[in-house]
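User: Please take a close look at the salt bridges in this model. I would like to know where the partners sit and whether they are buried or exposed.

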Amino acid sequence: MAKLLVKFQRYFRRKPIRFFTLIALYLTAGSLVFLHTGFTSETRVSENAPNANDGARDGAEMQYLGTVPLSREFKETPESLTTVRRYGSWFKNPSKDSLGRSKVGDYGGTWSRALKGRNIREKEEERAKYIGCYVDNTHQRALRGVSFFDYKKMTLFRCQDNCAERGYLYAGLEFGAECYCGHKIQATNVSDLECNMECKGEKSNICGGVNRLSIYRLELAQESARRYGSAIFRGCFRRPDNASLALPASRAMKNMSVDRCVDFCTGKEYPLAALAGTACHCGFPTTLFTLHEREDEQLCAQKCSGEEFESCGTSKYFVIYQTQVQDNRCMDRRFLPARAKQLVALASFPGAGNTWARHLIELATGFYTGSYYFDGSLYNKGERDHWRSGRTICIKTHESGQKEIEAFDSAILLIRNPYKALMAEFNRKYGGHIGFASHAHWKGKEWPEFVKNYAPWWATHTLDWLKYGKSVLVVHFEDLKQDLFVQLKRMVSLLGIAVLEDRLLCVEGQKDGNFKRSGLRKLEYDPYTPEMRKTISGYIKTVDTALKRRNLTGVPEDYYPR
């Protein structure tokens, strides 16, 4: 055998062409066998089709295959028939539609995907029409409605959807990550080439540029939401002493209605609409008209002349609605002009409202807040700065170790009811910053394990900051919600910033921001077991005692379960 192999070797060395010819013949034969196997299996498929009604169709399919060249016959194997061959006749037959589509071959799938893509683009154009690129700046916004930022996941749809949901006519994107809404465009149109920054969440689309807005007009189907669903009832208030200064725009309306007055003030770009019988007034919340002293609604219970079931107030008592126009007196934000010499912490346990507090501080001071962590997708430009940069007014942190706490020169310590804080952090962990954990997470092993690990941290976090922190200002989340004006003044005072009261009043009107979870998916049951409540109550008593020992107000009464 060995001698025979040697002879073959010597033979092909002398005539290599014959060697390569032999290899080519071998590969060709293998390919033919492979092709034959494929066609044989295709034939078996049609024979095995169990549905008598499909027999003619299968025969037609085989007749179609028989009329095309062999090279095409193998490539265009219908996907539906391949499925039957793979799984056998005991599975459900392909539908008539799918078999009909399969006759087109692979090209049909490609064509349908192209049509689908075109349909999506057409739907996007129906939802919003691109208007153009416009100049924008922090002192004079082109769109003066609400705004929000996402420096990691901003998309055209997300911005347009948020603005449309709030009833605005226009949505504008800037810097690849900033979204602005408004009813009017108050800026100059420039070349589309100046809007040249890709969206952070979708590289295929443009989201404005540096001080440039890509503006879209939202579909007019949102008109009903803008006209009737966008105003927020603020209450009944006594007529201000100098109404013409407090509410500078006004119009007499014979057929007065809430909608007419709100639409009038929205068109005038004012955030407040005041109904006074047959007169409509518009303005801003100021020290002349703070909206802090509400009156009994019965004093405003005069029916509207143009709307039977609504109250339109009187000449002495006004019914106040907040329009969807954003109060821009507190919307400008920038870095500190000079690097701060002291680092101020905004410390809290996770889920205690730190992001919301940052939103309030930025509105009140006009300066960015920073973060001990990097989370550019959550909040603002300050997130991307190193926390020691000194360019931000304060730094968010959830840290509770001695070394980390002593790195700060002073701190605002935000404390929240542990029952609410634990649930908020659990939602964030399993559902995102404004999402929700699923019922499977609440009912599974995740929730008990979470409470076991995080509940002690809620207590030690506060105790550590009280022990190691320097110049700590304690603010309870519940107090901040109930009396925002007073508590925010305390916080801003610690930061060493002089703020006008009119700006704080502006903050009150913009206090919610885009960091609040919708109440649509609240749990319908109490996730805390009696054992959990017993343990958490012990932690609450420990924190309450620690606060009172330092002559501070103890925890609010609602921390204790009823």
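Analyst: What follows goes through the salt bridges pair by pair and then turns to a few single residues. The model is a predicted one. The count of salt bridges comes to 14.

One of them joins the side chains of Asp332 and Arg503, with an N to O distance of 3.1 Å. Asp332 lies in the loop between strand 15 (317–322) and strand 16 (344–348), while Arg503 belongs to helix 19 (residues 501–509), so this pair ties together parts that are 171 residues apart in sequence. Both Asp332 and Arg503 are buried.

Another salt bridge pairs Asp327 with Arg329, at 2.6 Å from N to O. Here the two partners fall into separate accessibility classes: Asp327 has a relative accessible area of 2% and is therefore buried, whereas Arg329, at 27%, counts as partly exposed. The cut-off that matters for this reading is 20% relative accessible area, under which a residue is called buried.

A further pair lies within one helix. The side chains of Arg428 and Glu425 meet at 2.9 Å, N to O. Both residues are in helix 14 (residues 418–431), three residues apart, which is about one turn of the helix. Glu425 is buried, with a relative accessible area of 5%, and Arg428 is partly exposed, with 32%.

Salt bridges also link Asp136, Arg141 and Glu174 in a network.

Two residues stand out for their backbone angles. Asn211 is not a glycine, yet its phi is positive, near 55°. Asn211 is found in the loop between strand 7 (202–206) and strand 8 (212–218), and its relative accessible area of 37% makes it partly exposed. Ser471, also not a glycine, has a positive phi of about 50°. Ser471 sits in the loop between helix 16 (446–468) and strand 20 (472–476). With a relative accessible area of 49%, Ser471 is partly exposed; the class of exposed residues begins over 50%.

The last residue to describe is His281, in strand 12 (residues 279–283). His281 has a relative accessibility of 12% and so counts as buried. Leaving aside residues up to four places away in sequence, its contacts include Leu247, Ala249, Ser250, Cys261 and Cys265. Among the other residues that His281 touches are Leu272, Ala273, Ala274, Ala276 and Phe318.

Technical notes
Residues are numbered from 1 along each chain as its sequence is written. This is a predicted model: local features need pLDDT of at least 70, side-chain atom pairs count only at pLDDT 80 or more; totals for chains, interfaces and linings use all residues. Side-chain values use heavy atoms; hydrogens and water are left out. Helices (H or I, at least four residues) and strands (E, at least two) are DSSP runs, numbered from the N terminus. Buried means under 20% relative accessible area, exposed over 50%, partly exposed in between (1.4 Å probe, protein chains only). Contact means heavy atoms within 4.5 Å. A salt bridge is a side-chain nitrogen of Lys or Arg within 4 Å of a carboxyl oxygen of Asp or Glu.
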